[in-house]
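Visitor: I should be grateful for a close look at one part of this model, the surroundings of the bound ligand, followed by whatever else helps to place that part within the chain.

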Amino acid sequence: MDLEVMNGLLRPKSIAVIGASNTEGKIGYSVVRSLIEGGYEGPVYPVNPKSDEIQGFKAYKSVLDVPGEIDAAAIVVPAKFVPQVTRECGEKGVKGLIVIASGFSEIGRADLETQTVEIAHEYGMRVLGPNIVGILSNSDKCNASFAPFLPLPGKAALVSQSGALFIAMDASTYIRRVGFDKMISIGNMSDVNFGDTVSWLDQDESTGCISLYIEGLKDGRRFMENALTASKPIIALKSGTSAHGAAAAASHTGSLAGSGKVYDAAFEQAGVVRASDLNNLFDRTLAMSLQPPMQGDSLLIVTNGGGVGVLATDSAERYGIPLRFAPEDVQTELRKYMPEFGSARNPVDLTGMAGRDWYQVSVQYSFAHDWVDGLVVLYCETAMTDPQDIAEGIKAAVDGSGVTDKPIAVSFVGGERSEAAMRWLVENGIPAYNEPDTAVNAIAALREYARNQNAAQSFVRYQDVDEAAARAVITKVRSEGDRAMTEIESKAIFEAYRLPVAHTRLATTEDEAVAKAVAANGPVVLKIVSPDILHKSDAGGVKVNVEGEEAVRKYFREILANAKAYKPDADIHGIAVQEMAPWGTEVILGSVNDATFGPTVMFGLGGIFVEILKDVTFRVAPVSPEQSLKMLSDINGAPILEGARGETPKDRKALAEVLSRYSQMIDDLGDEILETDANPVIVYDEGDGVCIVDARIILKAE
Ligand code: ADP
Ligand code: MG
């Protein structure tokens, strides 16, 4: 990232408005008006060939006529003129273009967009937009947009892909009392995208937390890298979970991977916290912009009412930080500040008798206590107490505790006095909400952030793999005009990545099958081998536990007959003779090549019921063995692997390594492989490893 150019674009010291106007109602009018009303202090250069003066500023015929330097040019001329204007800006030495104009890729004119970006890059300029509202920065008093005013000042930054929402969210900051220093509208993202803005905001001293409204990312991998390296919390509201990839998917994994699930995984991997809706985005942003992350699971709730305490307890469980009883010393201390009928366990119920003093001492004591990782303070308005008094007590307690590395969130339930007290709290750096659930959810966001940060792991590539051998198999399959690889071909690639597969040999004649079965020294599995039969069992193409020459001959013929009946024109390579793997726990590994994030690996409880159970989890590849272990714990059926109900624990360690190698395989070969499945993979008891009995790889269309 060229910082000087990005600063010029997003914190411009001088601005040209190309297409500026004196006619109210035109966007070229609004942008100049916004700059004036926002109090912008740098020079403003309206450009319009037909006017000498615009809204009090001297106007220029061309940007080339402007005497001074220009950091950013806001462009509001019709789309067809934008490439030409861009060239003039380049000649002038403008740093960044805020292309407010619409009429580009959103209406099928991607060509104009590409042209504009190409010209801009020739001159080292960056392009924001097109099809945007503009940029807002409180610390620069800069409203270079057609939104009527700057947002409520604060420490957050918001980047929005939607223009309409941008304006609406700007206005709503005043109602919601969530303050922003910067708001950036990024529209079509022809050049500057979410990843760029995240990196830039991360180094921007006025930004404390980064909020994103995302409809779709363009370069998912780059976004993940930028988000991962950012040191500030990032929170994203993602809308629109299309089922791309799910339709027409040939593999189990493809049908299970709605893009929503892959986004979930990618955000978690990149340390990005999710918001579930607009309210949630603002509520979580408020907490993230005011409070530090929560490093641990011990959440303490302090309240004056049993009802809100129970509600908050339910919420804590719902958001993944279930409450635990406070340790004895905490309870003993807190019991001093409540009547007999209070409770010091957790939630700490100070009872309705609690006034400012009890709140203050108990909050100060517990916030400073080692056991406490985060605090939620609840208050129900009473006739005997003044909400403002309580608020001030809480603030004094926080300050008095000297704690700055733990989060606190507050909820007051009551009337106008409570609302006013909460506004005061927010102004004093303590997030406050009118719902106990929202306060807990906000704390949970800070917990998620800490967890995601800690989980970020670098991947060390396996060196003992043979990528060239794998590619040779792919080349051969392609030369035969196939995209669906047979089990035998797929397993050859798996083996190049040292994945443990059930030993499999191809037999083209009955005699050959018999010889191979004898060599296997035990019962075998016979399977049809054909690029045209993906689901072998469905075609009567699998016979397990086959023993003896007679049986081999019988089933060899039977499988061939079944396959021909199932698909008369199928290209049949022969019959696979395979070792019979011992019985164990069946799981599935798989992968998709996601349109946004690329190769993405899946793990789930497997076998034939995978599509019904849908108990699967995704990660963008590659994943380390540690991250793989986390995947194994992510699914609902995790206890089955951990040794539930007296069963021996399964070999999770071996499985995690297999998953990690698998993820490297699909990542290395991501230019060729579309989807894969290993279903089932049989997992044995701890120390006994795993065995992949079925393998399927679908190549990308050429
Ligand atoms: P497909 O999924 O194409 O129908 P599979 O190769 O998965 O075919 O075989 C179907 C089922 O047969 C598997 O789910 C598994 O239960 C069993 N099976 C296949 N291969 C073996 C093997 N080598 N050892 C033990 N069981 C096997
Ligand atoms: Mg299978």
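Guide: In this predicted model, a side-chain N or O atom of Asp694 lies 2.9 Å from an oxygen atom of ligand 1. Taken alone, ligand 1 exposes 540 Å², and the protein buries 85% of that area. Two further side chains make polar approaches to the ligand. In Lys527, an N or O atom of the side chain is 2.6 Å from an oxygen atom of ligand 1. In Glu586, a polar side-chain atom stands 3.3 Å from an oxygen atom of ligand 1.

The shell around ligand 1 consists of 18 residues, of which Lys527, Lys536, Ser537, Gln578 and Ala581 are the closest. Sorted by class, this shell has eight nonpolar residues, four polar ones and six charged ones. Several strands contribute to the shell: at least two residues come from each of strand 22 (524-529), strand 23 (542-546), strand 24 (574-579) and strand 28.

Asp694 also belongs to the metal site. The magnesium ion (ligand 2) has as its protein donors Asn679, through O, and Asp694, through OD, lying 2.2 Å from the ion. These two donors bring together distant parts of the chain: Asn679 is in strand 28 (residues 673-683), while Asp694 is in the loop between strand 29 (690-692) and strand 30 (696-699), 15 residues apart. Asn679 and Asp694 are both buried.

The donor Asn679 has a further feature in its backbone. The peptide bond that joins Asn679 and Pro680 is cis, with omega at about 5°. Pro680, like Asn679, has its place in strand 28. Strand 28 thus carries a magnesium donor, a cis peptide bond and at least two residues of the shell around ligand 1.

Another cis peptide bond is found elsewhere in the chain, from Gly129 to Pro130, with omega near 0°. Pro130 sits in the loop between strand 7 (126-128) and strand 8 (134-137).

Strand 22 leads to another backbone detail. Asn521 lies in the loop between helix 19 (510-520) and strand 22, and strand 22 supplies at least two residues of the ligand 1 shell. The phi angle of Asn521 is near 60°, a positive value in a residue other than glycine. Asn521 has a relative accessible area of 72% and is therefore exposed, the threshold being over 50%.

Gln55 also has a positive phi, of about 45°, although it is not a glycine. Gln55 is placed in the loop between strand 3 (53-54) and strand 4 (57-58). With a relative accessible area of 15%, Gln55 is buried, because this value falls under 20%.

Charged side chains also pair with one another in this model, and the salt bridges come to 51. One of them links Arg417 to Asp386, whose closest N and O atoms are 3.8 Å apart. Arg417 lies in helix 15 (residues 416-427) and Asp386 in the loop between strand 17 (374-380) and helix 14 (387-401), so this salt bridge ties together parts that are 31 residues apart in sequence. Arg417 is partly exposed at 40% relative accessibility, and Asp386 is partly exposed at 34%. Elsewhere, salt bridges with shared partners join Arg11, Asp140, Asp181, Lys182 and Asp204 into one network.

Two further pairs may be set beside these. The side chains of Arg109 and Asp111 form a salt bridge with an N to O distance of 3.0 Å. Arg109 has a relative accessible area of 36% and is partly exposed; Asp111, at 39%, also counts as partly exposed. The side chains of Arg335 and Glu328 form a salt bridge at 3.7 Å, N to O. In this pair Arg335 is partly exposed, with a relative accessible area of 42%, whereas Glu328 is exposed, with 52%.

To return to the part in question, Asp694 approaches an oxygen atom of ligand 1 through its side chain and is also a donor to the magnesium ion.

Key. Residues are numbered from 1 along each chain as its sequence is written. Chains are lettered from A and ligands numbered from 1 in the order in which they are written. This is a predicted model: local features need pLDDT of at least 70, side-chain atom pairs count only at pLDDT 80 or more; totals for chains, interfaces and linings use all residues. Side-chain values use heavy atoms; hydrogens and water are left out. Donors are N, O and S atoms within 2.8 Å of the metal (3.2 Å for Na, K and Ca); water is not among the atoms, so sites may look incomplete. Helices (H or I, at least four residues) and strands (E, at least two) are DSSP runs, numbered from the N terminus. Buried means under 20% relative accessible area, exposed over 50%, partly exposed in between (1.4 Å probe, protein chains only). A residue is near a molecule or strand if one of its heavy atoms lies within 4 Å of it. A polar contact is a pair of N or O atoms within 3.5 Å; within protein, one must be able to donate a hydrogen and the other to accept it, and residues adjacent in sequence count only if both atoms are side-chain atoms. Accessible areas come from the Shrake-Rupley method with a 1.4 Å probe; for residues, only the protein chains shown count as cover. Ala, Val, Leu, Ile, Met, Phe, Trp, Tyr, Cys and Pro count as nonpolar, Asp, Glu, Lys and Arg as charged, and the others, Gly among them, as polar. A salt bridge is a side-chain nitrogen of Lys or Arg within 4 Å of a carboxyl oxygen of Asp or Glu.
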